[in-house]
Amino acid sequence: MRIKYFEELDSTQKYLLEKIRTNELASPICIVANKQNAGIGSRGNRWEQVQDSLAFSFALSLSSLPQDLPIQSSCIFFGFIFKEILVQMGFDVWLKWPNDLYIGDLKVGGIMANTSKSDLVCGIGLNIYAEKFGSLGASVSKQGILESFFEKIKNLPEWKQIFSKYALEFHKNFNFSFHYDDNSDNVLSLKGAKLLLDGGLYLDGEKIYNFR
């Protein structure tokens with residue numbers, strides 16, 4: 001994985017998507033910014049920059065992804081792998097459906113994914129330390145997180161392997177809610193939701209998917 005570092009970007013996700021679109025960059029590649037001026041959060045909202053955060057986006061060819069990976073569940077797939085890295089480092093992080101990283105009931109990060117041409121572009125933001133989002137501690141090495149993550153995705157597991165582990169933790173979602181429609185304030189409780197094999201939800205008699 002080639003990694004390009006920037007001191008400051010508006011958004012690693014927007015930057016990489018544009019460079020892929022114009023053929024200025026090709027996968028596999030990762031863009032890392034020490035600071036984002038207009039990072040993208042859930043539902044297209046601005047990602048709140050804190051005093052110390054890790055922000056990066058990476059592109060992989062769609063053909064290199066596991067054949068059984070439902071593309072709409074890319075955030076769950078890569079988010080869970082990233083979460084496992086943090087857990088291995090000693091932090092009690094869990095993945096809230098469909099794309100948020102939490103410590104307890106405090107959000108500390110998020111994942112988003114877009115397709116561009118024949119590539120998947122996935123962005124991850126992690127607040128290393130922020131009072132309102134919780135703390136991962138000042139001793140966390142951003143470089144160490146990146147190296148561990150990209151080492152782990154050199155040989156991607158199958159979707160069914162990640163799904164089986166995520167399903168065991170899915171009950172942690174039941175006390176939370178999510179925004180169902182990106183264009184509204186419609187908030188649905190996750191209590192009683194059933195996780196489907198393709199990463200979607202069955203809730204109140206309806207199948208729900210989120211590709212962010």
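In what order do the 3 strands of the open sheet follow one another, and is their pairing parallel or antiparallel? The order is E11-E12-E13, and the pairing is antiparallel, where two strands count as paired if DSSP finds at least two bridges between them. Before I go on, please keep in mind that this is a predicted model, in which local features need pLDDT of at least 70 and side-chain atom pairs count only at pLDDT 80 or more, while totals for chains, interfaces and linings use all residues. Residues are numbered from 1 along each chain as its sequence is written, and side-chain values use heavy atoms, with hydrogens and water left out.

Back to the open sheet: its edge strands are E11 (194–195) and E13 (206–208), each of which pairs on one side only. Strand E12, residues 201–203, is joined to E11 by 2 bridges, and Leu-195 stands opposite Leu-201 in E12.

Now to another pair of strands: E1, residues 2–9, and E2, residues 29–36, run parallel and are joined by 7 bridges, with Leu-9 standing opposite Gln-36 in E2. Between these strands the chain passes through helix H1, residues 12–21, in a right-handed β-α-β crossover, meaning that, with the strands pointing away from the viewer, the path from the first strand over the helix to the second runs clockwise.

For the protein as a whole, there are 4 helices and 13 strands, taken as DSSP runs (helices H or I, at least four residues; strands E, at least two) and numbered from the N terminus. Of its 212 residues, 50% count as buried, that is, under 20% relative accessible area with a 1.4 Å probe, protein chains only.
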